[in-house]
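Biologist: Could you take me through one part of this model closely, and then set that part in the context of the whole chain? I would like the reasoning spelled out wherever a cut-off decides the matter.

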Amino acid sequence: MAQEKSTIRTKVQHFGNFLSSMIMPNIGAFIAWGLITALFIPDGYFPNETLVQLVDPMILYLLPLLIGFTGGKLVHGVRGGVVGATATMGVIVGADIPMFIGAMIMGPLGGLVIKQLDKLVEGKIKPGFEMLINNFTSGIFGGALAIFGLLGVGPIVSAFSQAMGAGVEVIVDAGLLPLASILIEPAKVLFLNNAINHGVLTPLGLEQASDVGRSILFLLETNPGPGLGILLAFSFFGKGMAKLSAPGAVIIHFFGGIHEIYFPYILMKPALILAAIAGGMSGIFTFNLLGAGLPASPSPGSIIAYALLTQPGYYIPVFSGVLVATIVSFVVAAVILKASKDKGEDDITEATLKMEEMKGKKSSVSSSLGASTEKSEKEFNYKEVNKIIFACDAGMGSSAMGASILKNKVKKADLGVDVSNTSISNIPEDADVVITHKDLTPRAKEKRPDAEHISVENFLSSPEYDNLVEKLK
């Protein structure tokens, strides 16, 4: 039963990663739209009738087309991206709202259709006719899908989006939005944070922002307050390695916006999820009470991104929600840590044993607890390692941090090994060693089964880094 739950969680993470992978590469464009909106709309910092003309075309056309292209490209490369973007144009024209959800449907659908078609005609095209066939099949099926999107998918997605928007308004008006933290905070710790934020909340929030200039939905998952409170509690009341690493994690989390840094602290002591939920609920309650909102999603969820995107007159509502969430989560986490006998010192061992029970086999993370690694050393030749990949859900947060730390260690050891980071869905085929958080290792193994996989509890300070450098020597 435990193994079955683990498989379900892995599948959910995989699907969530696919959704967020359509949004994450385009975050820069979303932020550009958010900044233009915050600066030049009538109640912005510098109202400008000329520059404000960029707002509607960007949210109605540019952003959905980017999502559609990225979704198609994920399925079938650039060729799939072109068909996906063409298909997305149909749902854009068929609706009078920003068609992000439609783009997340039509983009991958376009890539899938042309991928299947390419499989059917593979090896059957006469030499010299490849370009002609490829171009016309893309054009024909892209056009057909655009029509299908205009007449079929567009109206359905519009109705669904309007119903979802109305539902969100009812929840907000009823004061029930804080209850969303009961789902959001545990899901974040299971590495579904990007799926929730970029796959669900961002599309809905952008539709709201296009109407009123801002949305509270951008503040739900991205609020750094709950995680900050937990890390501060470890800094004061933790013990051992958890206490020593917490202050550095505070800086990375709060200013760098890499929320994944505090997930291992909760995994070491699951009761702390109550602190995250309490902080999230109190923060959302404060946001809702004071009418807070942002024009776009602050990604990463850094306090710096919050400051840059906050519109005039909304600094107190936005920062009050962050402050209240921090205080509440800190108090709850402090009570839990002070009431605990081990204060997190032995929970890593306990969490590892629990994970191995769920997986039904030994985990490579055991080596970080002093377990024997003789078997893996015999099976894998570290002398032939040329490329090490850090992989996380989005490939932009915790993996970048871990890669930076190991890259410095490899450089000091004068080893000619390439160290880089990426998302799990984009792990290159020539990766020799793949390093992931223990909860993401099953997905990484599925993507790159013939690589050597190393699991870590904490990207900021893992003994696996020094162990790996010694093996490489």
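**Helix H12 and its surroundings**

Modeller: At 34% relative accessibility, Tyr 315 counts as partly exposed, because the partly exposed class runs between the 20% limit for buried and the 50% limit for exposed. Phe 319 falls in that class as well, being partly exposed with a relative accessible area of 29%. Both Tyr 315 and Phe 319 belong to helix H12, which covers residues 315-339, and the four residues that separate them amount to about one turn of the helix. Their ring centres lie 6.0 Å apart and their planes meet at 15°, so the pair is stacked, given that planes under 30 degrees apart count as stacked. This is a predicted model, and it is therefore useful to ask how confident the predictor is here: among the elements of the chain, H12 has the highest mean pLDDT, 95, whereas helix H13 (residues 347-359) has the lowest, 41.

A contrasting aromatic pair is the one between Tyr 262 and Phe 263, which is edge-to-face, with 5.0 Å from centre to centre and 80° between the planes. Tyr 262 counts as buried because its relative accessibility is 0%, and Phe 263, with a relative accessible area of 0%, is buried too. The count of aromatic pairs comes to ten, and ring pairs also link Phe 236, Phe 237 and Phe 330 into a cluster.

From Ser 320 one can turn to helix H10, in which Thr 286 is found. The C-alpha atoms of Thr 286 and Ser 320 are separated by 6.9 Å, although the two residues stand 34 residues apart along the chain. Once neighbours within four places in sequence are left aside, Thr 286 is in contact with Ser 320, Gly 321 and Val 324. With a relative accessible area of 11%, Thr 286 is buried, since the limit for that class is 20%. The helix that holds Thr 286, H10, takes in residues 273-290, and its 18 residues reach 26 Å from the first C-alpha to the last, close to the 26 Å expected at 1.5 Å a residue. Its buried residues include Ile 273, Ala 276, Gly 279, Gly 280, Gly 283 and Phe 287. After H10 comes Gly 291, whose phi is positive, near 75°.

Another buried threonine, Thr 88, is found in helix H3 (residues 55-93), and its relative accessibility of 0% is why it counts as buried. Apart from neighbours within four places in sequence, Thr 88 is in contact with Pro 64, Leu 65, Gly 68, Ala 103, Met 106 and Gly 107.

Elsewhere in the chain, the largest nonpolar core has 94 residues, and those with the most contacts inside it are Trp 33, Ile 388, Leu 406, Ile 435 and Leu 468. Helix H6 (residues 181-212) gives the most to this core, with nine residues. Leu 406 touches Ile 388, Phe 390, Val 419, Ile 435, Tyr 465, Leu 468 and Val 469, if residues up to four places away in sequence are not counted. A second, separate core of 14 residues includes Val 91, Ile 92, Ala 95 and Met 99.

Leu 406 is also one of the buried residues of H15, among them Ser 398, Met 401, Ala 403 and Val 410. What covers the buried residues of H15 includes helix H8 (240-254), strands S1 (387-392), S2 (418-423) and S3 (433-437), and helix H17 (463-472). H15 itself spans residues 398-412, and its 15 residues reach 22 Å from first C-alpha to last, close to the 21 Å expected at 1.5 Å a residue. Asp 414, which follows H15, has a positive phi near 55°.

For the chain as a whole, there are 17 helices and four strands, and 53% of the 473 residues count as buried. Residues 24 or more positions apart account for 73% of the contacts with a separation of 6 or more. The average pLDDT is 81, and 87% of the residues score at least 70; over residues 348-378, however, pLDDT stays under 50, and the model has 39 contacts beyond four places in sequence for that stretch.

How values were computed
Residues numbered from 1 in each chain as written. Predicted model: local features only at pLDDT ≥ 70, side-chain atom pairs only at ≥ 80, totals over all residues. Heavy atoms only, no water. Helix = DSSP H or I, 4+ residues; strand = E, 2+ residues; numbered from the N terminus. Expected span 1.5 Å × (residues − 1). Buried < 20%, exposed > 50% of the residue type's maximum accessible area, 1.4 Å probe, protein only. Phe/Tyr/Trp six-rings, centres within 6.5 Å; stacked < 30°, edge-to-face > 60°. pLDDT = per-residue confidence, 0-100. Contact = heavy atoms within 4.5 Å. Core = buried A, V, L, I, M, F, W, Y, C linked by side-chain atoms within 4.5 Å.
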